[in-house]
Amino acid sequence: MAVDPPQVAEHAALSLAMAVVVSSPSPLLLLDGDLNVVAASASFGLVFEVGPDDLVGRPVLEMGGGEWNIPQFRSLLEATASGVANIEAYELVLRHPGRGLRQLVIHAQRLVYLDLNHTRLMVAIADVTDARADEKVKDDALRQNVILLQEVRHRVANSLQIIASVLLHNARKTQSDETRGHLKDAHSRVMSVAALERQLAGTGEGAVELQPYFTSLCESIAASMITDAQHLTLSVTGLEGMIDGRISVSLGLIVTELVINALKHAFPHGRGGRIVVDFEFRGPNWTLSVSDDGVGMPTDPTAIRTGLGTSIVAALAQQLEAEVQTASAHPGTRVSVTHSHIALVAEDEQMLAVAVARKRPAA
Amino acid sequence: MNALRKPGPTLLIVEDEVLAAMALRDELEEAGYNVLNLTGHHQTALASAEAFTPDLALVNIQLDGRDDGIALAEDLKALGVPVLFISGQVSRARSAETVAIASLPKPYSVTDAVMAVNYLLALMSGDDSLPRPRILEVFDLPGIRPRSDAA
């Protein structure tokens, strides 16, 4: 291989350096120690609309129509040329005659190379105006989503309010005691869903804290169905925890039905006592129970009537893959709804994993 | 429910959803309150408040047309009428806690609403023995002007 004479090698090295600068895809300038442009990338000319004649050999601050003559730009270049500092990600606003205000990010560096007599600066200039605008659009969209969600929740709350009001209004106006009872039950069911909506709106998340939810639910039922609060108490016990909104709406409806049922049948003729709603987590499994210390179940099984409430509880329990058990509590009755998916042998492990993930209370 | 005043405390309900307003009125009347004519308008509500000086105004935040319950609450406060927000817009209600004394978020049951009114009226007359409904959020009571200043 033939060795080039030194002068040819020097020329080759210089033209390589120039070619590197000119072909840079992001805007790049090579300056001398007096801040004159030695070379500029073609991309610089395109992005900032400066013709090549206005660039090479001219002072950098006089490029274009003088829009680059910005005091901060001058001082950061002077600092770089004197070797005081390397400039990393300096932000600058350029008032471009054709394109308006441009947000720039500037990197400037004094090059270290063999020729000590000629100072050279490398200046990379990125125009981030459009990227920043895109980010803003994304942030705005996110904010818009939150507002929309709030609006939807507000409408749901309003609609539930109207439905509950209509039911109660009808209950007031009807002449029949039986119909009134049914309408009041329906009102309690709607309010059970309503209590959940309030909890969801309060947290702003998809999960619900069970304790306050059940407590507010029971308070609402007690207020509308217990006439003598001194003799009959309704309380909530159990561990605190969060549970998915879709599951808690079913749990709330089950609690509503079981409490209404206990209020109707366990304490006849003004009998006093207490009803306890309890919820226990055991990992992904849980047990919801409603116990009373009332008169207990009828001894004659044929006397047990299965009303709408019972069928609602059965249907919801099935939906939650849970089992309903009714037992004598001596005194009174205890109805429990137990979900124990994990104890079963999983036919499909992936399905099981999904179910567990969905039903595990978020920490 | 109109100009005829009975002995019980007087309430003003300002709510654009007429069915919700009617159910609330019926329950409050049953509980012995005097409820002024229902309205969902700022100006009508204000005129009613000026004429009858209710003991408490139950105000929804979203009202008829472009009327806003928070603006109304400011005007009612200036008249010395304490305001209880009844709205699902909980965060807006909270942001206006200086013009109202409490917030009952929708959806509420009317029995909760009656308990809330009982509780607040008792509290304003210095009696804090009544139970506070769990869903009622009470703001700073210094927000109320004593009734004697209202006249």
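Two strands pair if DSSP finds at least two bridges between them. Keep that in mind for chain B of this predicted model.

**The sheet**

Strand β3 (residues 56-59) and strand β4 (residues 83-87) of chain B are joined by three bridges, in the parallel sense. One bridge partner of interest is Leu84(B) in β4(B), which sits opposite Leu58(B). These strands belong to an open sheet of six strands in chain B. Its order is β2-β1-β3-β4-β5-β6, and the pairing is mixed. At the edges lie β2 (34-35) and β6 (137-138) of chain B, each pairing on one side only.

**Helices on the sheet**

Helix α1 (residues 18-30) of chain B lies across β1 (10-14) and β2 of chain B. Helix α3(B) packs on the sheet too, touching β1, β3 and β4 of chain B.

| Helix | Strand compared | Angle |
|---|---|---|
| α1(B) | β1(B) | about 170° |
| α3(B) | β4(B) | about 170° |

**Helix against helix**

Two packed helices are described by the angle between their axes and the distance between the axes. Helix α2 (residues 42-52) and helix α3 (residues 69-78) of chain B pack at about 20°, and their axes are 10 Å apart. Angles under 35 degrees count as roughly parallel, so α2(B) and α3(B) are roughly parallel to each other. The crossing of α2(B) past α3(B) is right-handed.

Which residues meet? From α2(B) come His42(B), Ala45(B), Leu46(B) and Ala49(B). From α3(B) come Ala71(B), Leu72(B), Asp75(B) and Leu76(B). Of the residues in this contact of α2(B) with α3(B), six are nonpolar, one is polar and one is charged.

Conventions:
Residues numbered from 1 in each chain as written. Chains lettered and ligands numbered in written order. Predicted model: local features only at pLDDT ≥ 70, side-chain atom pairs only at ≥ 80, totals over all residues. Axes fitted to C-alpha atoms, helices over the stretch in contact; angles between N-to-C directions. Helix = DSSP H or I, 4+ residues; strand = E, 2+ residues; numbered from the N terminus. Parallel < 35°, antiparallel > 145°, perpendicular 65-115°, else oblique. Left-handed = near helix turned anticlockwise from the far one by under 90°. Contact = placed C-beta atoms within 7 Å. Nonpolar A, V, L, I, M, F, W, Y, C, P; charged D, E, K, R; others polar.
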